[in-house]
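User: I would like to go through this structure by question and answer. Please keep each answer short and show the reasoning.

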Amino acid sequence: MDVHELLEITVTGLGYELVDVERSPRGRVLRVFIDKPEKPRGVDIEDCVLVSNQLSRVLTVENVDYERLEVSSPGVDRPLKKASDFERFAGSEISFKLRLPLNGRRNFSGVLLGLRDGKVHLQTDVGEMEFDLVNLDKARVVPKFDTMKSGEKLV
C-alpha cells in the first residue's frame with residue numbers, strides 16, 4: 001500500500017476528508033491537509049491533533065520514513081483536486097493554471113459553475129468557458145474577506 005492510500009484510509013476512517021498531501025523534496029516532511037465539510041467553520045486545532053496522533057501511530061506501524069508530520073486545514077485558498085471538489089464549490093470564485101495552454105493562456109479565474117462530463121465550467125468576464133479536468137494543473141478557491149464597519153478593519 002502506498003503512503004497516499006494509507007493516509008486516505010486513516011483520515012477518512014476518522015471521519016475527515018483528505019484534501020491534499022505534500023512531501024518535501026527529500027521526503028523528510030509530510031504535510032497532510034484535512035477537512036470536515038459538515039463542520040461549518042472547518043477543522044480546528046483539536047481535529048488536527050487527533051488526526052496527527054493517529055497518523056503518527058499508523059505511519060510508525062507501517063514503517064513509513066519521515067522526520068516531521070504536519071496536519072492542517074486546507075486554508076481559505078483551498079486547493080481543488082478531486083472531481084467532487086469542483087461540484088462542491090460550484091458558485092465560488094476560483095483560479096487555476098492549465099497544464100497545456102488554451103489559446104495561448106494557462107491562467108484563468110472566474111466563478112465555478114460546476115463539473116459536467118469531465119469538463120470544468122467557469123463563468124469569466126468573457127462568458128462561460130469549459131476546460132478538461134485532466135488539463136488542470138493547480139486550482140484554488142479565491143478567498144473572500146468580508147469587511148465590516150469596525151474602524152475600517154477586516155473582521
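User: From which domains does the lining of the second largest pocket draw at least three residues each?
Analyst: This is a predicted model. In it, the second largest pocket holds about 260 Å³ of space. At least three lining residues come from each of two domains, namely domain 1 (3-72) and domain 2 (83-141).

User: Which strand gives the largest share of that lining in the second largest pocket?
Analyst: The lining of the second largest pocket has 14 residues, and Leu80, Lys81, Asp137, Lys138 and Ala139 lie nearest the centre. S1 and strand S8 (136-141) each supply at least two lining residues. The largest share, five residues, comes from S8.

User: How many charged residues are in the lining of the second largest pocket?
Analyst: Sorted by class, this lining has no polar residues. Seven of its residues are nonpolar, and the number of charged ones is seven.

User: Why does the largest pocket lie between domain 1 and domain 2?
Analyst: The largest pocket holds about 580 Å³ of space. It is lined by 21 residues, and the closest to its centre are Pro40, Arg41, Gly42, Gly75 and Val76. By class, the lining has 10 nonpolar, four polar and seven charged residues. The pocket lies between the domains because residues of its lining come from both domain 1 (3-72) and domain 2 (83-141).

User: Which strands stand at the edges of the open sheet with the order S1-S2-S3?
Analyst: Three strands make up this open sheet, and their pairing is mixed. A strand with a single partner has one side left without a neighbour in the sheet, so it stands at an edge; this applies to strand S1 (17-23) and strand S3 (68-72).

User: What is the average angle between neighbouring strands of this sheet, direction ignored?
Analyst: In general, strands of a sheet pair through backbone hydrogen bonds, either parallel or antiparallel. Here the turn of neighbouring strands against each other is taken with direction ignored, and on average it is 20°.

User: Which residue in S3 is the bridge partner of Arg31?
Analyst: Strand S2 (residues 29-35) and S3 run parallel and are joined by five bridges. Arg31 has its bridge partner in S3, and that partner is Glu70.

User: At about what angle does helix H2 run to S3?
Analyst: Two helices lie across strands of this sheet. Helix H1 (residues 3-13) lies across S1 and S2, at about 150° to S1. Helix H2 (residues 45-61) lies across S2 and S3, and the angle to S3 is about 145°.

Key:
Residues are numbered from 1 along each chain as its sequence is written. This is a predicted model: local features need pLDDT of at least 70, side-chain atom pairs count only at pLDDT 80 or more; totals for chains, interfaces and linings use all residues. Side-chain values use heavy atoms; hydrogens and water are left out. Two strands pair if DSSP finds at least two bridges between them. Helices (H or I, at least four residues) and strands (E, at least two) are DSSP runs, numbered from the N terminus. Axes are lines fitted to C-alpha atoms, for helices over the stretch in contact, and angles run from 0 to 180 degrees between N-to-C directions. Contact means heavy atoms within 4.5 Å. On a 1 Å grid over the protein atoms alone, a cavity is a set of points where a 1.4 Å probe fits but cannot get out, and a pocket is an open set with protein on both sides within 12 Å along at least five of seven lines; lining residues have an atom within 4 Å of a point. Grid points are joined across faces, edges and corners, and a volume is the space filled by probe spheres set on the points. Ala, Val, Leu, Ile, Met, Phe, Trp, Tyr, Cys and Pro count as nonpolar, Asp, Glu, Lys and Arg as charged, and the others, Gly among them, as polar. Domain bounds come from an automatic or database domain assignment.
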